[in-house]
Amino acid sequence: LDLTIAVGPSNSLSLSASGEVDGTKVPVSGVVWNPHEEKATAMGDFGDDQFVDMICVEPGLLSDMPLLKGGKKASFTQVVTCLSA
């Protein structure tokens, strides 16, 4: 997963993500979400009005998910880079 996110009129971020299941590389999807007003007020580590100017982007497996057997692991790596000075 490789994408660029605009942050205001002159800032942007690069986001890349990769994943492995039991040592085998797997294609990664991106999940984009925002808690919106009701959930933001219920989150203890989140300001009531912070949902207005935020998104969360997380790596995930949304299709063709391989079986994860006991004792095996799945791992995801996500790197966010500020592209603006």
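Which backbone oxygen lies 3.4 Å from a polar atom of the side chain of Ser84? The backbone oxygen of Ser10 does. Welcome to a short tour of this predicted model, a protein with one helix and six strands. We start with the overall build and then visit a handful of residues one by one.

**Overall build**

- Along the sequence, the elements come in the pattern β-β-β-β-α-β-β. With a radius of gyration of 16 Å, well over the 12 Å that the globule rule gives for 85 residues, the protein is more spread out than a compact globule.
- Taken along the principal axes, the box filled by the C-alpha atoms is roughly 40 × 35 × 20 Å.
- Contacts between residues at least 6 apart in sequence include many long-range pairs: 59% of them join residues at least 24 apart.

**Surface and charge**

- Of the 85 residues, 19% count as buried.
- The accessible surface comes to about 6300 Å², and carbon and sulfur atoms account for 53% of that area.
- The protein carries 5 positive and 11 negative charges, and the mean positions of these two sets are 19 Å apart.

**Ser84, after the last strand in the pattern**

- Ser84 sits in the segment after β6, the strand that spans 74-82.
- Is Ser84 buried or exposed? Its relative accessibility is 19%, and because buried means under 20%, Ser84 counts as buried.
- Besides the approach to the backbone oxygen of Ser10 at 3.4 Å, the side chain of Ser84 reaches the backbone nitrogen of Ser12 at 2.9 Å.
- Leaving out residues up to four places away in sequence, Ser84 touches Ser10, Asn11 and Ser12. The two polar partners just named, Ser10 and Ser12, are both among these contacts.

**Two residues with positive phi**

- Asp22 has phi near 55 degrees, a positive value in a residue other than glycine. Where does Asp22 lie? Asp22 belongs to the loop that links β2 (12-21) to β3 (24-26).
- With 43% relative accessibility, Asp22 counts as partly exposed.
- His36 also has a positive phi, near 60 degrees, and is likewise a residue other than glycine. Its place is in helix α1, which covers residues 36-42.
- The relative accessible area of His36 is 52%, so His36 is exposed.

**Ser29 and its partners across the sequence**

- Ser29 is part of strand β4, residues 29-33.
- A relative accessible area of 24% makes Ser29 partly exposed.
- How many residues apart along the chain are Ser29 and Ser63? They are 34 residues apart, yet their C-alpha atoms are separated by 8.5 Å.
- Setting aside neighbours within four places in sequence, Ser29 is in contact with Leu1, Glu58, Pro59, Gly60 and Leu62.

**Glu20 and its partners across the sequence**

- Glu20 is found in strand β2, and with a relative accessible area of 33% this residue is partly exposed.
- Along the chain, Glu20 and Lys73 are 53 residues apart, while 8.2 Å separates their C-alpha atoms.
- Which residues does Glu20 touch, not counting those up to four places away in sequence? They are Lys25, Val26, Lys73, Ala74 and Ser75.
- Lys73 therefore turns up twice for Glu20: as a residue in contact, and as the partner whose C-alpha atom is 8.2 Å away.

Methods
Residues numbered from 1 in each chain as written. Predicted model: local features only at pLDDT ≥ 70, side-chain atom pairs only at ≥ 80, totals over all residues. Heavy atoms only, no water. Helix = DSSP H or I, 4+ residues; strand = E, 2+ residues; numbered from the N terminus. Rg over C-alpha atoms; globule rule 2.2 N^0.38 Å. Buried < 20%, exposed > 50% of the residue type's maximum accessible area, 1.4 Å probe, protein only. Contact = heavy atoms within 4.5 Å. Areas by Shrake-Rupley, 256 points an atom, 1.4 Å probe, with all protein chains shown as cover. Lys, Arg positive; Asp, Glu negative; His and termini not counted. Charge placed at Lys NZ, Arg CZ, Asp CG, Glu CD. Polar contact = N/O pair within 3.5 Å; in protein donor to acceptor, adjacent residues only side chain to side chain.
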